[in-house]
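Reader: Hi! I'm new to looking at protein models. Could you walk me through this one?

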Amino acid sequence: MRDLVEGVDARLTEAEVVDRTTGLMNRRELERRIENRRLCGDPVVQLRFEISFEGPETAKPQVLKQVASRLTAQLRPEDLIARWSDSEFIILFNGTEEIAERRGPQVAGLLTGRYSLTDGVVEVRANSTLLK
């Protein structure tokens, strides 16, 4: 019984910080971390990636998972990645605005392209914005 309760507690705690579709940090947790950085006086450099694609709505979870995977592969572990909304990801970038400004378009270019799904292929477009 104890193991069952501990398992439920762990899942509830994870649900509070993890986006179920992508496995990335969720918006609430990223907002908390941004606020913590501000309170500590640390720099807050954020990159926003917005994606779009033409295809059935049922393809969206697969696309989001693949975008999350590509973002994770292109950014450093110290850059915190979160799913922000239905089609946006925010990166709490650990570096200067100048570096983030250069990396944003590079990463957006790597997110843009063909994604193979179980039902076929979709073309995904991505753009980046440095948030100030």
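Reader: Let's jump in with Asp86. Is that residue buried, exposed or partly exposed?

Author: Asp86 has a relative accessible area of 42%, so Asp86 counts as partly exposed. Keep in mind that this is a predicted model.

Reader: Cool. Which residue does Asp86 form a salt bridge with?

Author: The partner of Asp86 is Lys60, and their closest N and O atoms are 2.9 Å apart. Asp86 sits in the loop between β2 and β3 while Lys60 belongs to helix α3, so this pair ties together parts that are 26 residues apart in sequence.

Reader: And Lys60, buried or exposed?

Author: Lys60 is buried, because its relative accessible area is 16% and the cut-off for buried is under 20%.

Reader: Which residues are linked with those two in a network?

Author: Asp19 and Arg83 are; together with Lys60 and Asp86 they are linked in a network of salt bridges. Asp19 and Arg83 form a salt bridge of their own, with the closest N and O atoms 3.2 Å apart. That pair links distant parts of the chain: Asp19 is in the loop between α1 (2-15) and α2, and Arg83 is in strand β2, 64 residues apart. Both Asp19 and Arg83 are buried.

Reader: How many salt bridges are there in the whole structure?

Author: A search of the whole structure finds 10. Another one of them joins the side chains of Arg27 and Glu31, at 3.2 Å from N to O.

Reader: Where do Arg27 and Glu31 lie?

Author: They are both in helix α2, four residues apart, which is about one turn of the helix. Arg27 has 37% relative accessibility, so Arg27 counts as partly exposed. Glu31, at 39%, is partly exposed as well.

Reader: New topic: the sheet. What order do the strands come in?

Author: The sheet is open, has five strands and goes β2-β3-β1-β5-β4, with antiparallel pairing. β2 (80-83) and β4 (113-117) are at the edges with a single partner strand each, so one side of each has no neighbour in the sheet. From one strand to the next, the twist averages 30°.

Reader: What about β1, is it mostly buried or exposed?

Author: Seven of the nine residues in β1 (residues 45-53) are buried, so the strand is largely enclosed by the rest of the structure.

Reader: How many bridges join β1 to β3?

Author: Six, and the two strands run antiparallel, with β3 covering residues 88-93. Arg48 stands opposite Ile90 of β3, for example. With β5 (residues 120-131), β1 pairs over eight bridges, again in the antiparallel sense. Among the bridge partners in β5, Leu131 goes with Gln46 and Ala126 with Ile51.

Reader: Which strands does helix α3 lie across?

Author: Helix α3 (residues 60-74) lies across β1, β2, β3, β4 and β5, at about 125° to β4. Helix α2 (residues 27-40) lies across β1, β2 and β3, and runs at about 25° to β3.

Reader: Last one: how many aromatic pairs does the structure hold?

Author: Zero. Some rings do have a charge over them, though: the charged end of Arg70 sits over the ring of Tyr115, 3.8 Å from its centre. Likewise, the charged end of Arg76 sits over the ring of Phe93, at 5.0 Å from the centre.

Notes. Residues numbered from 1 in each chain as written. Predicted model: local features only at pLDDT ≥ 70, side-chain atom pairs only at ≥ 80, totals over all residues. Heavy atoms only, no water. Buried < 20%, exposed > 50% of the residue type's maximum accessible area, 1.4 Å probe, protein only. Pairing = 2+ DSSP bridges. Phe/Tyr/Trp six-rings, centres within 6.5 Å; stacked < 30°, edge-to-face > 60°. Lys NZ or Arg CZ within 6 Å of the ring centre and 35° of its normal. Axes fitted to C-alpha atoms, helices over the stretch in contact; angles between N-to-C directions. Contact = heavy atoms within 4.5 Å. Salt bridge = Lys/Arg side-chain N within 4 Å of Asp/Glu carboxyl O.
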